[in-house]
Amino acid sequence: MKPLSAIAWLATCLTVVAADNLKVPGESPLEFCNSNRDHDAVQIEKVDISPNPPKPGKPLLVTFNGEVKKKIADGAYVKVVVKYGLIQLLSTTADFCEQTQNVDLNCPLEPGKMVITKSIDMPSVIPPGTYNVLADAYTDDDENISCLKATVNFPRPGLLGEEL
């Protein structure tokens, strides 16, 4: 094997290993933002969504399994960025505790195992294309809660409203 070919092969193998290391276990498009998550306040064990990928007009069932390692109090926040292709649609910072109320939780979140199941009504009309979402959450002391990203493609519907 030529030295340049060997280097290319090794780089490819390392990229695949790194990508596998970032994939959130379960059936979802979620990935962790980085490989060092030892100090995250929430250790995510598994996330399943159904259907995967999400479909316009269909309910999306999300099941989260994880463990809160450190108490999460009022003042925690999440930075969210949503892009449509290269176009940034949203960049905002939201109150983490207000967002947890959407899944029937209230702050403070105490340490312990957690299983959350939530059904979300997807809009019936979603412009076709690729959406990239980043959610980076922090405690009131600016310590990482968790950081997740996802890429979801909504294909163009076929003729007569059927998907291709």
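Asp142 has its place in the loop between strands S7 and S8, where its phi is near 65°, a positive value in a residue other than glycine. Helices (H or I, at least four residues) and strands (E, at least two) are here DSSP runs, numbered from the N terminus. The model is predicted, so local features are reported only at pLDDT of at least 70 and side-chain atom pairs only at pLDDT 80 or more, whereas totals for chains, interfaces and linings use all residues. Residues are numbered from 1 along each chain as its sequence is written, and side-chain values rest on heavy atoms, with hydrogens and water left out.

## Backbone and layout

Most residues other than glycine have a negative phi, and most peptide bonds are trans. Asp104 also has a positive phi, near 60°, and belongs to the loop between H2 and S6. With a relative accessible area of 65%, Asp104 is exposed, a word that stands for values over 50%, while buried means under 20% and partly exposed what lies in between (1.4 Å probe, protein chains only). Two peptide bonds that are cis complete this part of the picture, and the table gives their omega angles and the loops that hold their prolines.

| Peptide bond | Omega | Place of the proline |
|---|---|---|
| Ser50 to Pro51 (cis) | near 0° | Pro51: loop between S2 and S3 |
| Cys107 to Pro108 (cis) | near 5° | Pro108: loop between H2 and S6 |

The chain as a whole has 2 helices and 8 strands, and from the N terminus on its elements run α-β-β-β-β-β-α-β-β-β. Of its 164 residues, 29% count as buried.

## Strand pairing

Strand S3 (residues 59-68) takes part in both of the pairings described here; strands pair if DSSP finds at least two bridges between them. With strand S2 (residues 42-50), S3 runs antiparallel and is joined by 8 bridges, and Val47 is found opposite Phe64 of S3. With strand S6 (residues 112-121), S3 is again paired in the antiparallel sense, now over 10 bridges, and Gly66 has Met114 of S6 opposite it.

## Aromatic pairs

Across the whole structure the search finds 3 aromatic pairs, a pair being two rings of Phe, Tyr or Trp (its six-membered ring) with centres within 6.5 Å, called stacked if the planes are under 30 degrees apart, edge-to-face if over 60 and tilted otherwise. The ring centres of Tyr131 and Phe154 are 5.7 Å apart and the planes stand at 80°, so this pair is edge-to-face. Because Tyr131 lies in strand S7 (residues 129-138) and Phe154 in strand S8 (residues 144-154), the pair ties together parts that are 23 residues apart in sequence. Both partners are buried, Tyr131 with a relative accessible area of 12% and Phe154 at 7% relative accessibility. Ring pairs also bring in Tyr84, which forms a cluster with Tyr131 and Phe154.

## Cavity and pocket

Empty space was sought on a 1 Å grid over the protein atoms alone: a cavity is a set of points where a 1.4 Å probe fits but cannot get out, a pocket is an open set with protein on both sides within 12 Å along at least five of seven lines, and lining residues have an atom within 4 Å of a point. Points are joined across faces, edges and corners, and a volume is the space filled by probe spheres set on them.

The structure holds 1 cavity of 30 Å³ or more, and the volume of the largest cavity is about 30 Å³. Its lining consists of Phe32, Cys33, Asn34, Arg37, Asp40, Asn144, Ser146 and Cys147, and S8 supplies the largest share of that lining, with 3 residues.

The largest pocket encloses about 1,600 Å³ of space. It is lined by 45 residues, of which Leu30, Val62, Ile120, Ala135 and Leu148 are the closest to its centre. Two or more lining residues come from each of S2, S3, strand S4 (77-84), strand S5 (87-95), helix H2 (96-100), S6, S7 and S8. S8 gives the most to this lining as well, with 7 residues. Strand S8 therefore appears in several parts of this account, as it also holds Phe154 of the edge-to-face pair.
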